Amino acid sequence: MAAMAGVLLFALFAGFNDAGALVGLGLRARPGVLAAMAVLVVAVVLAPLAVGTAVAATLTGRLASFGTQTGRGPLLVGIAAAVAVTAALAARGLPTSLTLALVGGIAGAGTAVRAPVDWAVVGGVLAAGALAPLAGGLVSAAVARLLRAAPAPSDAGRRLRWSHAAAFAAVCLAYGANDGQKLLAVYAAVHGGAPDRYATAPGALALLAGGFALGGLLGLPRAVASMGGGLTALRSDAVVVTELSGAAVVLGTAAAGAPVSMTQSISGALVGTGLFAGTRRVRWRGVLRLGRAWVLTLPAAFAVAAAGCLVPSALR
């Protein structure tokens with residue numbers, strides 16, 4: 001029962017931290033909050049079936065190997081540290097990536113208990129995470145330039161609505177294929193076994209989807225303010241460019257099994273699209289605040305997880 005409660009709380013927090021921001025972008029297409037959330041939740045559940053669970057496997061086994069000697073305890077400490085650091089930064093007005101915190105927490109726990117940590121994998125994940133916002137910005141600026149040069153169709157309004165719906169669906173698919181797999185990773189860490197074992201388990205999927213959706217609805221007002229409006233002032237057509245660009249970057253990293261934050265990629269794409277429209281459209285104070293949160297997240301999670309593993313051993 002305690003294990004199930006822990007997984008549910010993680011799914012709630014993941015939804016609170018991630019889902020609200022993505023659904024907030026989707027509302028520009030006016031599908032309604034519940035409809036947008038339903039599309040995102042369905043993508044989180046079904047995407048691993050379509051693209052595999054390589055990202056979840058990276059989080060649970062490739063970053064650090066917690067074998068039979070250490071057990072799952074240190075891995076759970078790393079997960080708890082990631083949640084604590086993300087929540088602490090959010091409370092100080094610094095919304096950040098839970099996925100980035102997970103990488104730091106797992107690496108910190110592995111280092112503390114002297115479990116084998118694959119620093120090449122850790123470095124690759126960090127490089128992908130660092131490049132994702134930049135790539136999102138570059139791709140969005142390039143797409144915006146191409147669309148600006150194309151002639152406007154006579155039914156531009158209707159096409160924009162359909163384009164927005166398709167772009168939001170792509171964002172949801174990308175999130176489910178990459179960032180959203182941390183839900184499966186945590187479930188596997190708590191219950192044991194490989195993540196792909198639970199990708200088709202109805203009970204596990206229902207628990208994760210329900211908690212994620214509820215958390216997303218609770219976090220929607222905060223996330224919308226910090227994600228879109230806090231970085232740029234964009235028109236609806238620019239938001240479509242942002243969504244498509246961010247989704248393309250995250251789907252690309254998912255193929256390599258590299259956990260990358262959807263919110264990081266979308267944020268970079270927002271800034272890139274805003275820059276193309278004019279530097280005054282970018283709210284640089286919000287960009288710097290978000291960047292500061294990302295820089296703090298991984299080392300803070302690493303330190304908290306390491307302390308969480310070392311202090312109990314020192315007190316024995």
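In this predicted model, the side chains of Asp179 and Lys182 are joined by a polar contact of 3.1 Å. Asp179 belongs to the loop that runs between helix 7 (156–177) and helix 8 (182–191). With a relative accessible area of 2%, Asp179 is buried, because buried here means under 20%. Residues up to four places away in sequence aside, Asp179 touches Asp18, Thr99, Ala174, Val260, Ser261, Met262 and Thr263.

The loop between helix 7 and helix 8 also holds Gln181. Gln181, too, is a buried residue, its relative accessible area being 1%. A polar atom of the Gln181 side chain lies 2.9 Å from the backbone oxygen of Gly52. Once neighbours within four places in sequence are set aside, the contacts of Gln181 include a run of residues from Val51 to Ala56, namely Val51, Gly52, Thr53, Ala54, Val55 and Ala56. Pro48, Tyr175 and Gly176 are also among the residues that Gln181 contacts.

It helps to place this loop within the protein as a whole. The protein contains 12 helices and 0 strands, and its pattern along the sequence reads α-α-α-α-α-α-α-α-α-α-α-α. Of its 316 residues, 51% are buried. Among contacts with a separation of 6 or more, 84% link residues that are 24 or more positions apart.

Helix 8, which follows the loop, is mostly covered, with 9 of its 10 residues buried. Lys182, the partner of Asp179 in the polar contact, is one of these buried residues. The others are Leu183, Leu184, Ala185, Val186, Tyr187, Ala188, Ala189 and Val190. Just after helix 8 comes Gly192, which takes a positive phi of about 85 degrees.

How, then, does helix 8 pack against other helices? One of its partners is helix 3 (residues 54–62): the two axes come within 8 Å and cross at roughly 40 degrees. Helix 3 and helix 8 are therefore oblique to each other, since that angle falls neither under 35 degrees nor in the range from 65 to 115. Their crossing is right-handed. Helix 3 contributes Ala56, Leu59 and Thr60 to the contact, while helix 8 contributes Lys182, Leu184 and Ala185. By class, the residues of this contact comprise 4 nonpolar, 1 polar and 1 charged. Lys182 thus appears both in the polar contact with Asp179 and in the packing of helix 8 on helix 3.

Thr58 also sits in helix 3. Its relative accessible area is 0%, so Thr58 counts as buried. From C-alpha to C-alpha, Thr58 and Lys182 are 9.7 Å apart in space, although 124 residues separate them in sequence. Apart from neighbours within four places in sequence, Thr58 is in contact with Leu63, Val121, Val125, Gly257 and Pro259.

Helix 8 also packs against helix 4 (residues 73–91), here at an angle of about 145 degrees and with the axes 9 Å apart. This crossing is left-handed. From helix 4, Leu75, Leu76 and Ile79 meet Val186, Ala189 and Val190 of helix 8. The contact of helix 4 with helix 8 has 6 nonpolar residues, with no polar and no charged ones.

Helix 4 in turn packs against helix 5 (98–112). Their axes are 7 Å apart and the angle is about 140 degrees. Helix 4 and helix 5 are therefore oblique to each other, and helix 4 passes helix 5 in a right-handed crossing. On the helix 4 side the contact is made by Pro74, Leu75, Gly78, Ile79, Ala82, Val83 and Thr86. On the helix 5 side it is made by Leu98, Ala101, Leu102, Gly105, Ile106 and Ala109. By class, this contact has 10 nonpolar and 3 polar residues, and no charged ones. Leu75 and Ile79 of helix 4 take part in the contacts with helix 8 and with helix 5.

A final point concerns the loop that leads from helix 5 to helix 6 (119–149), where Arg114 is found. Arg114 has a positive phi of about 60 degrees although it is not a glycine. Its relative accessibility is 80%, so Arg114 counts as exposed, the cut-off being over 50%. Asp179 and Gln181, in the loop before helix 8, are by contrast buried.

Definitions and conventions:
Residues are numbered from 1 along each chain as its sequence is written. This is a predicted model: local features need pLDDT of at least 70, side-chain atom pairs count only at pLDDT 80 or more; totals for chains, interfaces and linings use all residues. Side-chain values use heavy atoms; hydrogens and water are left out. Helices (H or I, at least four residues) and strands (E, at least two) are DSSP runs, numbered from the N terminus. Buried means under 20% relative accessible area, exposed over 50%, partly exposed in between (1.4 Å probe, protein chains only). A polar contact is a pair of N or O atoms within 3.5 Å; within protein, one must be able to donate a hydrogen and the other to accept it, and residues adjacent in sequence count only if both atoms are side-chain atoms. Contact means heavy atoms within 4.5 Å. Axes are lines fitted to C-alpha atoms, for helices over the stretch in contact, and angles run from 0 to 180 degrees between N-to-C directions. Angles under 35 degrees count as roughly parallel, over 145 as roughly antiparallel, 65 to 115 as roughly perpendicular and the rest as oblique. A crossing is left-handed if the near helix is turned anticlockwise from the far one by less than a right angle, and right-handed if clockwise. Ala, Val, Leu, Ile, Met, Phe, Trp, Tyr, Cys and Pro count as nonpolar, Asp, Glu, Lys and Arg as charged, and the others, Gly among them, as polar.
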